[in-house]
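Student: I am new to this structure and should be grateful for a close look at a single part of it, namely its interior. Please explain what is found there, and how the surrounding parts relate to it.

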Amino acid sequence: MTHQLWHYGAVVLCTVSLTILSGRLNVHAAGNLEAGKKLYETRCAVCHGPDGKAATPAAQALNPKPRDHTDGAYMNALSNEHLAKIIKEGGVAVGKSPLMPPQADLNAQQLEDVIAFVRSLAVPPYSGK
Ligand code: HEC
């Protein structure tokens, strides 16, 4: 009985520490909003506008127009994989306009950061993973 209890306790302890550990890893792997905002301002705002609405005259002059990132009805349906691909490899890689340029030099963390920022712009808010 004592032994069984100890065994049970060890299993619970293991599960708890694994949960805490994976929670930590998730926090670590998630994008950093502040860093993402800076990247967005330097690399995306010229076409999508600093507010993501693509409402600047330069943005409106493009055809097709850069996507309005505050349009949650559209944006929230796109997967993180799709966003990562179009940002890193450009519009052509996903069958979209070549006017959406590839940003091949972004590392994995920067990609996560800029995606986190793009997600934060959506109205209604993005509720996915
Ligand atoms: C030179 C202008 C330009 C820059 C710079 C630019 N984009 Fe775009 N982007 C576009 C255009 C144009 C489209 C629309 C493409 C289409 O609909 O075919 C677009 C579309 C998108 C889409 C929508 C994808 C979809 O499936 O509809 C996302 C997301 C996006 N851009 C993210 C970004 C991010 C993030 C950055 C910065 C890292 C960025 N873009 C930089 C022009 C640009």
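Tutor: pLDDT is the predictor's confidence in each residue, given on a scale from 0 to 100. The model shown here is a predicted one, and the mean pLDDT of its chain is 87, with 77% of the residues reaching 70 or more. One stretch calls for caution at the outset: over residues 18-28 the pLDDT stays under 50, and the model has zero contacts there beyond four places in sequence. Where pLDDT is low, the predicted coordinates should not be read in detail.

The overall plan of the chain comes before its interior. The secondary structure consists of seven helices and zero strands, and along the sequence this reads as the pattern α-α-α-α-α-α-α. Of the 129 residues in the chain, 19% are buried. Among contacts with a separation of 6 or more, 49% are between residues 24 or more positions apart.

The interior itself can now be described. The largest nonpolar core has 13 residues, and those with the most contacts inside it are Tyr40, Ile87, Val114, Phe117 and Val118. Helix H2 (33-43), H6 and H7 are the elements that each give two or more residues to this core. H7 supplies the largest share, six residues. Val114 shows how the parts meet: leaving out residues up to four places away in sequence, Val114 touches Gly36, Leu39, Tyr40, Ile87 and Leu106.

Three of these partners of Val114, namely Gly36, Leu39 and Tyr40, are also the buried residues of H2. Which part of H2 do its buried residues line? Viewed down the axis of H2, they fall within an arc of 100 degrees, so they line one face of the helix. The face turned away from this buried side carries the exposed residues Glu34, Glu41 and Thr42. The cover over the buried residues of H2 includes H3 and H7.

Leu33 offers a second view of H2, the helix in which it is placed. Leu33 counts as partly exposed because it has 13 C-beta neighbours inside 10 Å, whereas a residue is exposed at 12 or fewer. Not counting residues up to four places away in sequence, Leu33 touches Ala116, Phe117 and Ser120. Of these, Phe117 is among the core residues with the most contacts. The C-alpha atoms of Leu33 and Glu112 are separated by 9.2 Å, although these two residues are 79 residues apart along the chain.

H3, part of the cover over H2, may be followed through Ala45, which lies in that helix. Ala45 has 17 C-beta neighbours inside 10 Å and therefore counts as partly exposed. Apart from its neighbours within four places in sequence, Ala45 is in contact with Tyr40 and Pro50. Tyr40 is thus a contact of Ala45 as well as a contact of Val114. The C-alpha atoms of Ala45 and Thr56, eleven residues apart along the chain, are 9.3 Å from each other.

Further along, Ala54 sits in the loop between H3 and H4. Ala54 counts as buried because it has 21 C-beta neighbours inside 10 Å, where 20 or more are required. Its backbone is worth noting as well: Ala54 has a positive phi of about 55 degrees although it is not a glycine.

The ligand and its surroundings complete this picture. There are 23 residues around the ligand, of which Cys44, Cys47, Lys96, Ser97 and Met100 come nearest. Helix H3 (45-48), helix H6 (80-89) and helix H7 (108-121) each give two or more residues to this shell. H6 and H7 are also named among the elements that give two or more residues to the nonpolar core. By class, the shell comprises 16 nonpolar, four polar and three charged residues.

Finally, two peptide bonds deserve attention. The bond from Asn63 to Pro64 is cis, with omega near 0 degrees, and Pro64 is found in the loop between helix H4 (57-61) and helix H5 (72-75). Val123 and Pro124 are likewise joined by a cis peptide bond, with omega about -5 degrees. Pro124 belongs to the segment after H7, the helix that gives the core its largest share.

How values were computed:
Residues are numbered from 1 along each chain as its sequence is written. This is a predicted model: local features need pLDDT of at least 70, side-chain atom pairs count only at pLDDT 80 or more; totals for chains, interfaces and linings use all residues. A residue is near a molecule or strand if its C-beta atom, placed from the backbone, lies within 6 Å of it. Helices (H or I, at least four residues) and strands (E, at least two) are DSSP runs, numbered from the N terminus. Ala, Val, Leu, Ile, Met, Phe, Trp, Tyr, Cys and Pro count as nonpolar, Asp, Glu, Lys and Arg as charged, and the others, Gly among them, as polar. Two residues are in contact if their C-beta atoms, placed from the backbone, lie within 7 Å. A nonpolar core is a set of buried Ala, Val, Leu, Ile, Met, Phe, Trp, Tyr and Cys residues joined through C-beta atoms within 7 Å. The arc is that of the directions from the helix axis to the C-beta atoms.
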